[in-house]
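These are my notes from going through one model, entry by entry. I begin with a loop residue and work outwards from there.

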Amino acid sequence: MQNCGKGKKKPKIGLYISTACFLLFGMACGVLVGQYAYSIAGDMPFGQFLMVLGLLLLAMYVSIFLQIVIHEAGHLIFGLLSGYRFSSFRIGSWMWLVDNGKIKLRRLSLAGTGGQCLMGPPEFENGRIPFILYNLGGSLLNLASAPLFLCAYAACKDLPALPLIFLIAGMAGFLFACLNGIPMHAGTVDNDGYNILSIQKSKKSMRAFWLQMKVNEQMSGGIRIKDMPKDWFFLPQDEDMGNSMVAALAVFYENRLMDTHAFAQALPLIEKLKEMDTAVNGLHDKLLTCDFIYCILLEGADYEKIEGLLDKGQRKFMKQMRKFPSVIRTEYALSLLYEKDAAKAAFWKKEFGRCALAYPYASEIESEQELLQKADLASGG
C-alpha cells in the first residue's frame, strides 16, 4: 500500500522547545498556586479548600488568557500604525470580522493557534510593504506588559489572590514574547519571528505575504477564491518552495482548483506537494491531505491510498478540526463513498449545517456546500 506524504519533514526542534517551555511554565504555575492555596488553607474545611483551589486555577487561566488578548491586540495596534486595515480578530474560537462594513461575531477554531489577528495589507510602495511591526507587534506588547504586571504584583502583595494573577500574567508575557518572537517552527504553524525571516528573504516572499493577506481580506468580504483575480493564483517555482510564505501560494492555487471543481488537476498537484521537500506548514499540509482524500473519492482513483493517508496524525488532526468546513466535507465524502455508511454521512451533513451558522467566511461555506453536493452526485444520490 502506498503511503503518500513522504517529503522531508521540518525539524521539530521548535516544537520541542515550545512544549518544554510550556511544561516548565505549567509546573511553575502549579507550584505557585499550590503554595498560595496552602498558605491560606489554615483550618479551612476540605470542601472549601477544593473550591478555593479551583478558583485559583481559574485565575491562572485568566492570567494566560490576558496575554493571548494582549498578543493579538499588539498585532492589531501595530498593524493599524503600519497602514493595515482591520479584517478579523480571533481569541480562542471567538472571532470578530468585518462583513459588508459591519463587525460581526462568528466562531472559528484552528489547531495550534490560541488567537489570530488578520488585516488587509497596504499597497506596495517602491516594491515594499511594511511587515515587521505588524508581525512582531504581538510579542512587543507581551514584552511591554510583562514588567507592568510584575510591578502590579509587587504593589499589591498583601491583597488576596490578585497578586497571583499579576505574577502569572507577567511570567506569561515573557514566555509569549520569546516563543512568538524568536523564529521557530512550532506545531502546525510558523511563529511570528519565523514569518518575518521568511518575508524578508526576497521580493517573491514579500509579494506572497501580501497575497495571503489580500486573499483573506477578500474572503472576509464574501468573495470566493474562484472569483478573485486569476493572476493572484499561480504555482511557485520548485526552488522557491523552501520559503514558507511562497509555499503557501501553492496551497492557495490548489484551493482555487478545488473551488472551480478541477479535481483532476488538484489530485496530481497535491500528490506532488506532499512528496516534495517544501516549507508548507503543518496546518496546510493536513488540510491538503483532506482535499487529496476527497479528490481520490470523486475521481475514482486508487482507494488503497486512502488508508495510508488516514494515519494516526491525520486522524488526530481531523478530530481536532472536526468543526472546520473542509474537514467535515471530507468526513462526509468518506462516510458516503468509502465506508458506505449512510447514517454516518447524515451525521456529518448535520454537522456541516451547524458549522455554517457560525462560520465566519460565507464564501467558503458556499464553496464547501457545492463539494458536498458533488459527493452526493458521485454516490448516485
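**Entry 1: Lys340.** I looked up Lys340 and found it in the loop between α12 (325-338) and α13. The model is a predicted one. I checked the backbone of Lys340 and noted a phi near 55°, a positive value in a residue other than glycine. Is Lys340 buried or exposed? Its relative accessible area is 64%, and the cut-off for exposed is over 50%, so Lys340 counts as exposed.

**Entry 2: His261.** I then turned to His261, which sits in the loop between α7 (244-259) and α8 (263-275). His261 is not a glycine, and its phi is positive, near 65°. I read a relative accessibility of 24% for His261, which puts it in the partly exposed class.

**Entry 3: confidence.** I looked at the pLDDT before going further. The protein chain has a mean of 90, and 96% of its residues reach 70 or more. The stretch I marked is residues 1-9, where the pLDDT is below 50. I noted that this stretch still has 22 contacts in the model beyond near neighbours in sequence.

**Entry 4: the sheet.** I traced an open sheet of 4 strands, with the order β3-β2-β1-β4 and antiparallel pairing. Which strands stand at the edges? They are β3 (102-107) and β4 (115-120); each has a single partner strand, so one side of each has no neighbour in the sheet. I read an average turn of 20° between neighbouring strands of this sheet, direction ignored.

**Entry 5: β2 and β3.** I followed the pairing of β2 (residues 94-99) with β3 and found 6 bridges in the antiparallel sense. Trp94 is opposite Arg107 in β3. I also noted that Leu97 has Lys104 in β3 as its bridge partner. The hairpin of β2 and β3 has 2 residues between the strands, and Asn100 takes a positive phi near 55° there.

**Entry 6: β1 and β2.** On the other pairing of β2, I found that 4 bridges join β1 to β2, and that the two run antiparallel. Trp94 in β2 is the bridge partner of Ile91. I noted that this pair also forms a hairpin with 2 residues between the strands, and that Gly92 in the turn has a positive phi of about 65°.

**Entry 7: the faces of β2.** Which residues of β2 make up its covered face? I listed Met95, Leu97 and Asp99. The uncovered face holds Trp94, Trp96 and Val98. I set this beside the general rule that side chains in a regular strand alternate between the two faces of the sheet.

**Entry 8: helices on the sheet.** I went back to β2 and β3, paired over 6 bridges, and looked for what packs on their sheet. Helix α2 (residues 46-81) packs on the sheet and touches β1 (85-91) and β4. I read about 175° between the direction of α2 and that of β1. Helix α6 (residues 203-220) also packs on the sheet, touching β1, β2 and β4. Its direction makes about 80° with that of β1.

**Entry 9: Gly137.** I placed Gly137 in helix α3 (residues 132-155). Its relative accessibility is 0%, and the cut-off for buried is under 20%, so Gly137 counts as buried. Leaving aside neighbours within four places in sequence, I found Gly137 in contact with Gly74, His75, Phe78 and Ile132. I also looked up the C-alpha separation of Gly137 and Ile70, which is 9.8 Å for two residues 67 apart along the chain.

**Entry 10: Gln314.** I found Gln314 in helix α11 (residues 312-320). With 2% relative accessibility, Gln314 counts as buried. Which residues is Gln314 in contact with, leaving aside its neighbours within four places in sequence? I listed Lys286, Thr289, Cys290 and Leu309.

**Entry 11: a pocket.** I looked up the second largest pocket and noted a volume of about 330 Å³. It is lined by 15 residues, and Arg107, Leu108, Ser109, Lys323 and Phe324 lie nearest its centre. Arg107 had already come up in Entry 5, standing opposite Trp94. I asked which helix gives the most to the lining of this pocket. Helix α13 (residues 342-358) does, with 4 residues.

How values were computed: Residues numbered from 1 in each chain as written. Heavy atoms only, no water. pLDDT = per-residue confidence, 0-100. Contact = heavy atoms within 4.5 Å. Pairing = 2+ DSSP bridges. Axes fitted to C-alpha atoms, helices over the stretch in contact; angles between N-to-C directions. Buried < 20%, exposed > 50% of the residue type's maximum accessible area, 1.4 Å probe, protein only. 1 Å grid on protein atoms, 1.4 Å probe; cavity = no way out; pocket = protein on both sides within 12 Å on 5 of 7 lines; lining within 4 Å. Points joined across faces, edges and corners; volume = space filled by probe spheres on them.
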